[in-house]
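Visitor: I'd like a close look at a single part of this one, please. Could you walk me through it slowly?

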Amino acid sequence: MAAERVIYIKAEQATVVTNAKVYLEDVVTMTGMDKKKIHELGREILFAIPDKQTKQKYIFSVLKVIELIQKKYPEIVVFNAGETDFIVEYQPPGKKQKWLGYVKIIFVCFAVAIGSAFTIMTFNQDASVADIFSKIYRIFTGEEAGEPGLLELGYCIGLPSGIIIFFNHFSHLKMSSDPTPLAVQLRLYEKDVNDAIIKTAEREEKTIDV
């Protein structure tokens, strides 16, 4: 096998692109003796984003890359040194508003600080949320708390709202196209089950082999 006919490719698990035309060089690293062919292959279009205005993720098999390479150069032998399946995330180009990023950072820091303080206080009070609310009310108003008020109402609304937003599992109200935390855990569980079945079959010598 002539060394000039061999190309090694490597794709990362996830790549972010901002161009609607996804070139091979955008998602795959290639190396080999024939640098001219590698440069030409790098300018081959792997995929054209159908919706240029929407952020989206596309999953590719490395076989699609190999097919594209061998379609242009049938004599080339391709060796994959990276992922067998990879993600291409398209982000529409646009001017990012820095002030919005700063606002998000300040909000997150404020939420983390308040949440941490509340967690520590409830822990020290043996998770007595009612006592914590009473003390907070007395600190800020100087009076004893009577009937449940705004603190309790905010807690009742905020707790389920936070859970709903975190799990992001309602089809028409999803904040992003990413898998939900529940979906991720189910996939991890499925992978663990499959691994356990394979390992058990190997130990019991029930694997179908050559």
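Let's start with a pairing: which residue in strand 8 does alanine 14 stand opposite?

Guide: Happy to, and keep in mind that this is a predicted model. The residue you're after is isoleucine 87, which sits in strand 8 across from alanine 14. Zoom out a little and you'll see the pairing around it: strand 2 and strand 8 (residues 85-90) run in the parallel sense, joined over four bridges. They belong to an open sheet of three strands, ordered 2-8-6, and its pairing is mixed. Strand 2 (14-17) and strand 6 (56-61) are the edge strands; each has a single partner strand, so one side of each is left without a neighbour in the sheet. As for twist, neighbouring strands here are turned by 25° against each other on average, if you ignore direction.

Now look at what lies over the sheet. Helix 3 (residues 62-72) lies across strand 6 and strand 8, and it runs at about 70° to strand 6.

While you have the model open, swing over to the largest pocket, which holds about 480 Å³ of space. Its lining counts 15 residues, and Ala111, Gly158, Leu159, Ser161 and Gly162 are the closest to its centre. Helix 4 (98-124), helix 5 (129-141) and helix 6 (150-167) each supply at least two lining residues. Helix 6 gives the largest share, with eight residues. Sort the lining by class and you get ten nonpolar residues, five polar ones and no charged ones.

Methods. Residues numbered from 1 in each chain as written. Predicted model: local features only at pLDDT ≥ 70, side-chain atom pairs only at ≥ 80, totals over all residues. Heavy atoms only, no water. 1 Å grid on protein atoms, 1.4 Å probe; cavity = no way out; pocket = protein on both sides within 12 Å on 5 of 7 lines; lining within 4 Å. Points joined across faces, edges and corners; volume = space filled by probe spheres on them. Nonpolar A, V, L, I, M, F, W, Y, C, P; charged D, E, K, R; others polar. Pairing = 2+ DSSP bridges. Axes fitted to C-alpha atoms, helices over the stretch in contact; angles between N-to-C directions. Contact = heavy atoms within 4.5 Å.
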